[in-house]
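This report goes through the two chains, how they meet, and a few residues with notable surroundings or backbone geometry.

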Amino acid sequence: MTPPAVVRFQLGGRPHALPLPEVAELADLPEPVPVPGAPPAVAGLSDLRGRVVTVIDLARLLRLGEERRESGRCFAILLAAPFGHIALTVEGDVKIATGLDPAPPPGIPAGAEDRAMAGGECVIGPGTPEETALPDAEIAIRLEARRIVQLCSREVRGRFRIETEEE
Amino acid sequence: MQLKLGLSFMLVAALVIGVTVGAPYAVEPPYDLFVMIFGGLLVALLAAWGLSTWLTRNIRALAGVAAVISQGDLTRKVEIRGQDEVGDLARSFDAMLSSLLNIVMEVRSTSEQIFESAQSLSATAAEVNATTEEIAKAAANIARGAETQAEMVGRTSSITREMAESIAEVADRAQAVFRFASEAGERARAGRQSATQATRKILEMAERIERARTSVAGFQARALQINKTVDFITEVAHQTHMLALNAAIEAARAGEEGRGFGVIAEEVRKLADHARGFAEQISLLAEQINTESGTVILAMQASEVATSEGGQVVAAAASALDSIAESVLATVERVKEISELTGRQARGAEVLVRSIEEISRIAANNAAGTQEASAATEEQTASMQEMSVSAQTLARTSDHLKELISIFRIN
């Protein structure tokens, strides 16, 4: 059986990974157009070959700081269906890695637990199988598209709910 | 003679007269003759006595006058008008007396004049003596002065000789300065030519720098074009990288069937990465080239400015050298004139030295002559003293002569 493949990328100075089936493609998106009232994690809307996609600043969403990108260029991972209208901005050094070991390696670097607590929601829990080892012995944090979308949806909903309450 | 004839005639006449007169008185012949003779003799004697008395009266008068004259009275006149010898004698005596009177008067007058002259001479001699003494003192002073003058002239001669030597040395140095100034003028001209050449070279260098700067600017533009091309290559490599990644994703999604495609996609991705890396290196190099070209351009612009300023400075130096050359040439002319003047001065100084040496010799001779003159003046003083004594003696003598002559009464 072929080990599950992941798309490995850098985020917040550390390698992260998304399962390959959750990734539709990698794309250079035009500069996203900001959406008024959207939470900071939502970078805006962009055009991908005539299709409007929502660009999410993944580093900001995961409280890893603002994603550093060059002006006029937005390197993003377009999620596969059913989230095909969402693109995640990531830092460079994207690779396709296969043969992942689902068992967590010993000695997880400190701080992963803190980063995993985003907005009071446990997106990637410590000591869980979300942390995996890449074939070149590199430790990466495995993400899931579904959880990312949920987190983003909560952000958006929380944002609009607060404004509604204020109104 | 006449007197002798007169006397003889008187004797004969007296005899004849006696005989004639006595003859009527004769008695007897012998006695008569005797009487006649005796009477004749007596008459003759009486006649002779009377005649002699008559004849000698003028002589006696003349003797009386002579006696008066012997007493010094020359005022008497002989009053004899006879035509005989006595008259002649009296006239001669009178003439002699007149001549003697004139002589005495002349001697008296001359003696008075001599006395006065002697006194005057004595006074003059005294004055001359005093003057001569003063002259002697003055001559002594002049002699000392002449010695001092000779000494001073000797010093002056020495100083003048030193001055002449100095002038000759100045002339030599002026000649040397003339040569140096001429050499400086030639060097200034050569420097001006060198500066002019340097100005041309600097201008050529400025033009070359400008051309090089233009070339470097073109090179910089080429580097920018390279950068743009490299950007394009980088973009292509990035897109290729993206395509390779997407191809790898598709290959992975295809499972076992896509393995070979995945390998190829991975190789393409690596190539794209390499291309991007090389492009980045080229971009970096182009950027460095661009930056360094900018630096070189700035340096060349600074060099152009510096070269321009250097050219201006060298041109100013050339102009200054030109002015220096003109000044040096003018200086050369002046120095030449100075050299000629100093040469003339040196020759004049030699003449001056010779003249002063001649003056020195003359001064020495003058000193010696003045000493001799002083000695002669002293001798003259002695002579004048002697002359004064002689004049006094002459005055006394003339006075004595006048006393002697004063026995003659001439008025």
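Two residues are counted as in contact if their C-beta atoms, placed from the backbone, lie within 7 Å. By that criterion, among contacts in chain B between residues at least 6 apart in sequence, 83% join residues at least 24 apart. For chain A, the figure for contacts between residues at least 6 apart is 59% joining residues at least 24 apart. The model is predicted.

**Confidence**

The predictor assigns the complex an ipTM of 0.73 and a pTM of 0.46. The mean pLDDT of chain B is 79, and 93% of its residues reach 70 or more. Chain A averages a pLDDT of 73, with 64% of the residues scoring at least 70. In residues 102-129 of chain A the pLDDT is below 50, and this stretch has 35 contacts in the model beyond near neighbours in sequence.

**The two chains**

The table sets out the make-up of each chain.

| Chain | Helices and strands | Buried residues |
|---|---|---|
| Chain A | 3 helices, 12 strands | 35% of 167 residues |
| Chain B | 4 helices, 0 strands | 24% of 411 residues |

Along its sequence, chain B follows the pattern α-α-α-α. Two of its helices are H3, residues 85-254, and H4, residues 259-405.

**Helix pairing in chain B**

Two packed helices are described by the angle between their axes and the distance between the axes. For H3(B) and H4(B), the axes come within 2 Å and cross at roughly 180°. H3(B) is therefore roughly antiparallel to H4(B), because angles over 145 degrees count as roughly antiparallel. Sorted by class, the contact of H3(B) with H4(B) has 95 nonpolar, 50 polar and 25 charged residues.

B:Ser283 is placed in helix H4 of chain B. Is B:Ser283 buried or exposed? B:Ser283 is buried, because 20 other C-beta atoms lie within 10 Å, and 20 or more is the cut-off for a buried residue. Leaving out residues up to four places away in sequence, B:Ser283 touches B:Asn227, B:Val230, B:Asp231 and B:Thr234. One of these, B:Asn227, is 56 residues from B:Ser283 in sequence, yet the C-alpha atoms of the two are 5.3 Å apart in space.

**Nonpolar cores**

The largest nonpolar core has 55 residues. Those with the most contacts inside this core are A:Val7, A:Ile56, A:Ala76, A:Ile77 and A:Leu88. Helix H3 of chain B gives the most to this core, with 10 residues. Another core lies apart from it and has 32 residues, including B:Val170, B:Ala346, B:Ala349 and B:Ala363.

Which residues does A:Ile77 contact, leaving aside its neighbours within four places in sequence? They are A:Val7, A:Phe9, A:Leu18, A:Val23, A:Leu26, A:Ala87, A:Leu88 and A:Val90. Of these partners of A:Ile77, A:Val7 and A:Leu88 are also among the residues with the most contacts inside the core.

**Where the chains meet**

In the interface, 13 residues of chain A are in contact with 8 residues of chain B. Strand S3 of chain A, residues 23-29, supplies the largest share of the side of chain A that touches chain B, namely 5 residues. By class, that side of chain A has 9 nonpolar, 2 polar and 2 charged residues.

**Backbone details in chain A**

Most residues other than glycine have a negative phi, and most peptide bonds are trans. Chain A has departures from both patterns.

The peptide bond from A:Ala81 to A:Pro82 is cis, with omega near 15°. A:Pro82 is found in the loop between strand S6 (74-79) and strand S7 (86-89) of chain A.

A:Arg49 has a positive phi, near 50°. This residue is found in the loop between strand S4 (42-48) and strand S5 (51-57) of chain A. A:Arg49 is exposed, because 6 other C-beta atoms lie within 10 Å and the limit for exposed is 12 or fewer.

A:Arg63 also has a positive phi, near 60°. The loop that holds A:Arg63 runs between helix H1 (58-61) and S6 of chain A. With 15 other C-beta atoms within 10 Å, A:Arg63 is partly exposed.

How values were computed:
Residues are numbered from 1 along each chain as its sequence is written. Chains are lettered from A and ligands numbered from 1 in the order in which they are written. This is a predicted model: local features need pLDDT of at least 70, side-chain atom pairs count only at pLDDT 80 or more; totals for chains, interfaces and linings use all residues. Helices (H or I, at least four residues) and strands (E, at least two) are DSSP runs, numbered from the N terminus. A nonpolar core is a set of buried Ala, Val, Leu, Ile, Met, Phe, Trp, Tyr and Cys residues joined through C-beta atoms within 7 Å. Ala, Val, Leu, Ile, Met, Phe, Trp, Tyr, Cys and Pro count as nonpolar, Asp, Glu, Lys and Arg as charged, and the others, Gly among them, as polar. pLDDT is the predictor's confidence in each residue, from 0 to 100. Axes are lines fitted to C-alpha atoms, for helices over the stretch in contact, and angles run from 0 to 180 degrees between N-to-C directions. Angles under 35 degrees count as roughly parallel, over 145 as roughly antiparallel, 65 to 115 as roughly perpendicular and the rest as oblique.
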